[in-house]
Amino acid sequence: MLQEVHYSASVNRGKMTIICWGVIITLISLVVHVVIWRAYLPKRHTKAIFSIFISTLLLFYLLALLLPVFLPSIAYYFPKGILGYMHIGLFVMAFTVAYIITYSAIEADSPSMVILLTIASAGPKGLDRRSLESYMSDEVLLSPRVMDLLRDNMAHQVGGKYMLLPKGKFMAEIFITFGKILGVSKGG
Amino acid sequence: MQIISPLLGLAINILSQLLIFRLTGGKRLLRSIYFGFVIGLVFVPVADKHFFFLIEGNEYDRMGLLVTNICIYAFLGYGYFHFINLGQTGRRIRILIELHQSANGLSMNDISEKYNAQDMVKRRLGRLIQNKQVIYENERYYIKKSLMFYITQALVLVKNMLGLRNKMQISNSKSSTSDQWR
């Protein structure tokens, strides 16, 4: 009976610790991200965010491996078995992907977002079409995105023309293929 | 086994979404995404309860596992939604596709001819009006304070918190020159 209770308690810790550690690692990564961004904005944002999350996860794995050696009682607070650690990794990585996608929309000033804010700033009297279109030019909406592709090594400039690099070709092919599967047009 | 259910849930989400979209004649993309997500979301607890009964532990353990797997599935499902969204509305993706389809590359003017700010605004305004987030009356646009509007405001706050400059900040002054843009 006592053995059953002990087993049940240790398994209890095993399963609930997964979400607890997943949330803790994610929160720490987000705090580090904000602190770094406020101190020094990296050149490659997506790469930097990914590095922060993966580094925090790896640091957790290292601590989980080393701490119980020096403090055996602390093992109680860590998951049991490799599956638990893989589960935490999956939680953190899934959040990282979701966050990076959201971040790219925050960073790039989505035109829909700008349209909403532009119209909202006009107040109750609204905004006419010409005024709205005058705010949204190619210099504001298009050129920065082309520069993003150059910065991310997806394209390069050759004699005044932009051409894709292998990374850009690969990315384009993913979306073209998926568009065909879905049966939709180019979009934009 | 315990980590498979959110991944399987995502696979079911994707397959359901593709099937629903095709069956509705390619007209209900957003609806197909929502339904696909819900179908996957239902699958995850069913899989955890029925297919992975071999997992040791009691109800407390299973609850912890379920919550974790639902969270993982939600993040992955959200990622899939945005993957489709990027393909449909992403400027960088559209530019990548235009460059991919051009054997000799494109100049900025060429890109602008194929895909320019006016096209972007027209498409997006059309979607915003169709989704009733913007109202067009008497040749003027008005905002309807919808969920999308509040999400936009929240994103601006996050951007400020991260110290990212708003590239297209609108000032209250009526200046029409580009110096109003930060």
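A salt bridge here is a side-chain nitrogen of Lys or Arg within 4 Å of a carboxyl oxygen of Asp or Glu. By that rule, the side chains of A:Arg151 and A:Asp148 pair up, with 3.5 Å from N to O. The model is a predicted one, in which local features need pLDDT of at least 70 and side-chain atom pairs count only at pLDDT 80 or more, while totals for chains, interfaces and linings use all residues; side-chain values use heavy atoms, with hydrogens and water left out. Residues are numbered from 1 along each chain as its sequence is written, and chains are lettered from A and ligands numbered from 1 in the order in which they are written.

Chain A first. The chain has 8 helices and 3 strands, taken as DSSP runs (helices are H or I, at least four residues; strands are E, at least two) and numbered from the N terminus. Read from that end, the order is α-α-α-α-β-α-α-α-β-β-α. Of the 188 residues in chain A, 45% are buried, where buried means under 20% relative accessible area, exposed means over 50%, and partly exposed is in between (1.4 Å probe, protein chains only). Contact means heavy atoms within 4.5 Å; among contacts in chain A between residues at least 6 apart in sequence, 57% link residues at least 24 apart.

Back to the charged residues. The whole structure holds 6 salt bridges over all chains, and A:Asp148 takes part in several of the ones described here. Besides A:Arg151, A:Asp148 pairs with A:Arg145, the closest N and O atoms being 2.7 Å apart. Both of these residues sit in helix 7 (residues 143-151), 3 residues apart, or about one turn of the helix. A:Arg151 lies in helix 7 too, again 3 residues from A:Asp148. A:Asp148 counts as buried because its relative accessible area is 7%, and A:Arg145 is buried as well. A:Arg151, at 26% relative accessibility, is therefore partly exposed. A:Arg151 also meets A:Asp152 in a salt bridge, at 3.4 Å from N to O, and A:Asp152 is buried, with 17% relative accessibility. Through shared partners, A:Arg44, A:Arg145, A:Asp148, A:Arg151, A:Asp152 and B:Arg92 end up in one network.

That network reaches over to chain B: B:Arg92 forms a salt bridge with A:Asp148, with closest N and O atoms 3.4 Å apart. The count between the two chains is 1 salt bridge. On the chain A side of the interface, helix 3 supplies the largest share, 16 residues. Overall, 90 residues of chain A are in contact with 95 residues of chain B. The buried area (the accessible area, 1.4 Å probe, that two parts lose on being put together, summed over both) is about 8,700 Å², with carbon and sulfur atoms giving 69%.

Now for the outside. The accessible surface of chain A, from the Shrake-Rupley method with a 1.4 Å probe, is about 9,600 Å², and 71% of this belongs to carbon and sulfur atoms. A nonpolar patch on the surface has about 830 Å² of accessible area together, and is formed by A:Leu59, A:Leu62, A:Leu63, A:Leu65, A:Leu66, A:Val69, A:Phe70 and A:Leu71. Patches take residues with over 30% relative accessible area and no salt bridge, joining like charges within 9 Å and nonpolar side chains (Val, Leu, Ile, Met, Phe, Trp, Tyr) within 5 Å. One of the patch members, A:Leu71, lies in the loop between helix 2 (45-70) and helix 3 (81-107). A:Leu71 is partly exposed, at a relative accessible area of 44%.
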